[in-house]
Amino acid sequence: MARRKIKQTDGASAIAAVKASDLASADQDVLATACRYLLEELAERSPGNSVEVRVPPFGATQCIEGPRHTRGTPPNTVEMSPAVWFGLATGSITWSQALAEAKVSASGTRADLSQVLPLI
């Protein structure tokens, strides 16, 4: 299990600040902290190494139990913008809605995050 880098109080504060603002005009440093904290939360709640979730340029994490990859691009990859990740993790957008609207790039048999989202 990965060690947290962002304190719970800092993460919760960043999430609250982003929720209180218009996401498009949110402070990028605060949004980055919120996204990274939510990635850490995903890895904490769904430990494993079979799926890589990428939120460029803010971060990435590995999660979900299953086969581990060691080199190159993992076979199960999910990538999205920070705004979409924040929405999925906080429940303002559903996994199926994000897929239907092509807001998420998901490849691999384990790349369905509908069972682990939202986080809060």
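Let's start at Lys19, which sits in helix H1. Keep in mind that what you're looking at is a predicted model. Set aside the neighbours within four places in sequence, and Lys19 is in contact with Phe86, Thr90 and Ile120. Take Phe86 from that list: along the chain it is 67 residues away from Lys19, yet the two C-alpha atoms are separated by 9.3 Å.

From Lys19, widen the view to the helix around it. H1 covers residues 8-20, and its axis comes within 8 Å of the axis of H2, with a crossing angle of roughly 125°. That angle makes H1 oblique to H2, because oblique covers whatever is not roughly parallel, roughly antiparallel or roughly perpendicular. As for handedness, H1 passes H2 in a left-handed crossing. Which residues do the touching? On the H1 side you'll find Gln8, Asp10, Gly11, Ala14, Ile15, Ala17 and Val18, and they meet Val30, Leu31, Thr33, Ala34, Tyr37 and Leu38 from H2. Sorted by class, that contact between H1 and H2 holds nine nonpolar residues, three polar and one charged.

Now follow H2 over to its other helix partner in this tour, H3, which runs over residues 82-90. Here the axes come within 10 Å and cross at roughly 50°. An angle of that kind makes H2 oblique to H3, and H2 passes H3 in a left-handed crossing. H2 brings Leu31, Ala34, Cys35, Leu38, Leu39 and Leu42 to this contact, while H3 answers with Pro82, Trp85, Phe86, Ala89 and Thr90. What classes do these residues fall into? The contact of H2 with H3 has ten nonpolar residues, one polar and no charged ones. You've met two of the H3 residues before: Phe86 and Thr90 are also among the contacts of Lys19. Leu31, Ala34 and Leu38 of H2 come up again too, since they are listed in the contact with H1 and in the contact with H3.

H2 has one more part to play, this time at the largest pocket. About 210 Å³ of space lies in that pocket. It is lined by 13 residues, and those closest to its centre are Lys5, Arg36, Glu40, Ala60 and Thr61. Two elements each give two or more residues to the lining: helix H2 (28-45) and strand S2 (59-63). Which one gives the most? That's H2, with four residues. By class, the lining has six nonpolar residues, two polar and five charged.

Strand S2 also makes a handy landmark for some backbone oddities. In the loop between strand S1 (51-55) and S2 you'll find Pro57. A cis peptide bond joins Pro56 to Pro57, with omega at about 5°. Look next at the loop between S2 and strand S3 (77-80), which is where Ile64 is placed. Ile64 is not a glycine, but its phi is positive all the same, at about 70°.

One last stop takes us further along the chain, to the segment after strand S4 (104-107), where Pro118 lies. The peptide bond from Leu117 to Pro118 is cis as well, and its omega is near 0°. As for Ile120, we can end where we began: Ile120 is one of the residues in contact with Lys19, back in helix H1.

Conventions:
Residues are numbered from 1 along each chain as its sequence is written. This is a predicted model: local features need pLDDT of at least 70, side-chain atom pairs count only at pLDDT 80 or more; totals for chains, interfaces and linings use all residues. Side-chain values use heavy atoms; hydrogens and water are left out. On a 1 Å grid over the protein atoms alone, a cavity is a set of points where a 1.4 Å probe fits but cannot get out, and a pocket is an open set with protein on both sides within 12 Å along at least five of seven lines; lining residues have an atom within 4 Å of a point. Grid points are joined across faces, edges and corners, and a volume is the space filled by probe spheres set on the points. Ala, Val, Leu, Ile, Met, Phe, Trp, Tyr, Cys and Pro count as nonpolar, Asp, Glu, Lys and Arg as charged, and the others, Gly among them, as polar. Axes are lines fitted to C-alpha atoms, for helices over the stretch in contact, and angles run from 0 to 180 degrees between N-to-C directions. Angles under 35 degrees count as roughly parallel, over 145 as roughly antiparallel, 65 to 115 as roughly perpendicular and the rest as oblique. A crossing is left-handed if the near helix is turned anticlockwise from the far one by less than a right angle, and right-handed if clockwise. Contact means heavy atoms within 4.5 Å.
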